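Me: Hi! Could you help me look through a structure I have open? I'm new to this, so plain words please.

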Amino acid sequence: MELMAYVWPIGGGKGGSGKSFLTSSLGRLSAGLGKKTLLIDLDLGAANLHTLVDLPYPTKCFSDFIRKKIPRLEDTVVETPVENLYLISGAHDNLDIANLPYEQKIKTLKAIARLDYDHILLDLGAGTSFNTLDFFLISHNGIFVTTPEPTSIENVYRLIRSIYFRRIRHCFNVTDFKALEEAADELYGRGAVNRPECMMEVVRLKYPETHAQIQDDFNGFRFKLVLNQLRRHDNAGLGQQICRIIEKHLGLRIEFAGNVAYDDHVHDAICARVSFLERYPYTRTAGDLRELSKSVVQTAGEQMLINYS
Amino acid sequence: MADMEGKRAVQGKFADLNYYEMLDIRPDAVPFEIRHAYQNAIQMYEPGSLVSYSFFSEHERKEILAHIEKAYLTLVNGKERQGYDAELVRRGVLKGDVCREKADKKPVSIFSISRSSVLQPVCQKKAELKARIAQCPRIGAIAQKTDICGADLQEIREALGVTLEQIADETKIRLDYLRAIEASEASRLPAPVFLKGFVKAYLKHLCVDPGEEISTRYMAALSVQSEGKAS
């Protein structure tokens, strides 16, 4: 397998937590460094990225690839007004795009793996549908976004657990997994199926080799957490503590990537359809974003695409 | 049986941690660090916490909090901690030589309040003062007087060999008020409500009985005197 571009899926469970804004901002910063950067709008059925990069009428979109109008994914890429920044838009996706069939999803994942860009950022939708989970698992570098509100935190925990669960599920066929679920129910009582840490334990007992493989996988993940829309009076240590809890109780290592301050100007910039970073470069939020991009897109490391290439 | 073991393996994951791991501290942490870690842990796991919102069921949360409580109470107690450390060493979790220095570093207290050492002399002083009052007929005579003025109080105090500074230190009454009381200078004294309390405290410090009555007489004399001045 050849070395691929750096892929950062950005997800967060809750809608409105700033995934798309963060994707577009990180994309602009990465492009600003001279890296050939591609944004892919995988918020299927609720695409926004084209608006955030000021490209209201993209000529091509992701659906063209799914509908076989354009055979190669790289041909659906459109240029944006920003230098070095490219986009696969979801603006005119077909109305049934949200329910991407399995084969199409696999086709997409494989195509993404073959794209030739320096950096690729995936903007994922809210919720924990299989599409979102599988796109998130395409890379080791997934980024979770949450805001300091119980609703958002609840959803991000659920997303993390779902991803964990999905990864385990990948390793088994239907009947074996059914057997595992029953075993888990028997061992830990009802509801254990929904606790990936319990499922992992059952896997360890029944399939030690698969357990080692999954464990290996998870040790390779470099998930990150971003705490977005932090108000002045919010607890600035919240992100660290969330990561600690996940590590302690789920056994998953997630690195805290940083806080992004709340700013009403973000709203203004989106309404005016201009780049927030350019319009308000000296706000605290802009500073936070630049810091974040240092720890996210500017870090180099081994990037691997798993399962699909 | 097998299923009981399995149950413990995961559900007890937190319970299986040793107390140091539960609180995220090193085995050589000093009590100050332990307290700090405990407060952090409570903040993370308490029922209303934003950090762990929806992460645990009600039951799990209760269990975790109970473990943290137990860990904290064991580790802050020097003796219990020694016992616990010994057990960890026995189980091979801790190495024997990681033992802390004998004298734990303690946080430096900001106020050196050592009540026990102060209380003792005060009691002794009181007994001494009472003995002196009993020996000195002059004090008894003053205490019997109908109108008591500042000079009388001063005489008692000097007879007992107590300085104004000592009284000020003990009663926290300002020195200039004490001087004004002895000089019967109404103009420099606070309002009668406060003044009566001050005089009582002054007399109490000197162990002169009955403080209440004498102070009433002092107040009466003072008001007569100031009225006389006014007219």
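What follows is a chat about this predicted model.

Me: What scores does the predictor give the complex?
Reply: Happy to help! The complex gets an ipTM of 0.83 and a pTM of 0.71.

Me: And what does chain B average in pLDDT?
Reply: Chain B averages 79, and 81% of its residues score at least 70. Over residues 1-12 of chain B, though, the pLDDT is below 50, and that stretch has 12 contacts in the model beyond near neighbours in sequence.

Me: How many contacts does the model have for residues 115-120 of chain B, beyond four places in sequence?
Reply: Zero, and the pLDDT stays under 50 over those residues of chain B.

Me: Okay, what is chain B built from, helices or strands?
Reply: Helices: chain B has 13 of them and zero strands.

Me: What share of chain B is buried?
Reply: Of the 231 residues in chain B, 19% are buried. Looking at contacts in chain B between residues at least 6 apart in sequence, 53% join residues at least 24 apart.

Me: Can you show me a pair of helices? At what angle do α11 and α12 of chain B cross?
Reply: Sure! Helix α11(B), residues 175-183, and helix α12(B), residues 192-205, have axes that cross at roughly 90° and come within 11 Å. That crossing is why α11(B) counts as roughly perpendicular to α12(B).

Me: Which residues make the contact?
Reply: From α11(B) there are Tyr177(B), Leu178(B) and Ile181(B), and from α12(B) there are Phe198(B), Val199(B) and Tyr202(B). By class, the contact of α11(B) with α12(B) has six nonpolar residues, no polar and no charged.

Me: New topic: how many residues of chain A are in contact with chain B?
Reply: 16 residues of chain A are in contact with 14 residues of chain B. On the side of chain A that touches chain B, at least two residues each come from α6 (150-170), α7 (174-188), α8 (196-206) and α10 (238-250).

Me: Which helix supplies the largest share?
Reply: That is α10(A), with five residues of the side of chain A that touches chain B. This side of chain A has 10 nonpolar, two polar and four charged residues.

Me: Last one: where is Gln104(A)?
Reply: Gln104(A) lies in helix α4 of chain A, residues 102-114. It counts as partly exposed because it has 16 C-beta neighbours inside 10 Å, whereas 20 or more would make a residue buried. Gln104(A) is also 41 Å from Arg231(A), C-alpha to C-alpha, and 127 residues from it in sequence.

Conventions
Residues are numbered from 1 along each chain as its sequence is written. Chains are lettered from A and ligands numbered from 1 in the order in which they are written. This is a predicted model: local features need pLDDT of at least 70, side-chain atom pairs count only at pLDDT 80 or more; totals for chains, interfaces and linings use all residues. Helices (H or I, at least four residues) and strands (E, at least two) are DSSP runs, numbered from the N terminus. A residue is buried if 20 or more other C-beta atoms lie within 10 Å of its own, exposed if 12 or fewer, and partly exposed in between; C-beta atoms are placed from the backbone. pLDDT is the predictor's confidence in each residue, from 0 to 100. Two residues are in contact if their C-beta atoms, placed from the backbone, lie within 7 Å. Ala, Val, Leu, Ile, Met, Phe, Trp, Tyr, Cys and Pro count as nonpolar, Asp, Glu, Lys and Arg as charged, and the others, Gly among them, as polar. Axes are lines fitted to C-alpha atoms, for helices over the stretch in contact, and angles run from 0 to 180 degrees between N-to-C directions. Angles under 35 degrees count as roughly parallel, over 145 as roughly antiparallel, 65 to 115 as roughly perpendicular and the rest as oblique.
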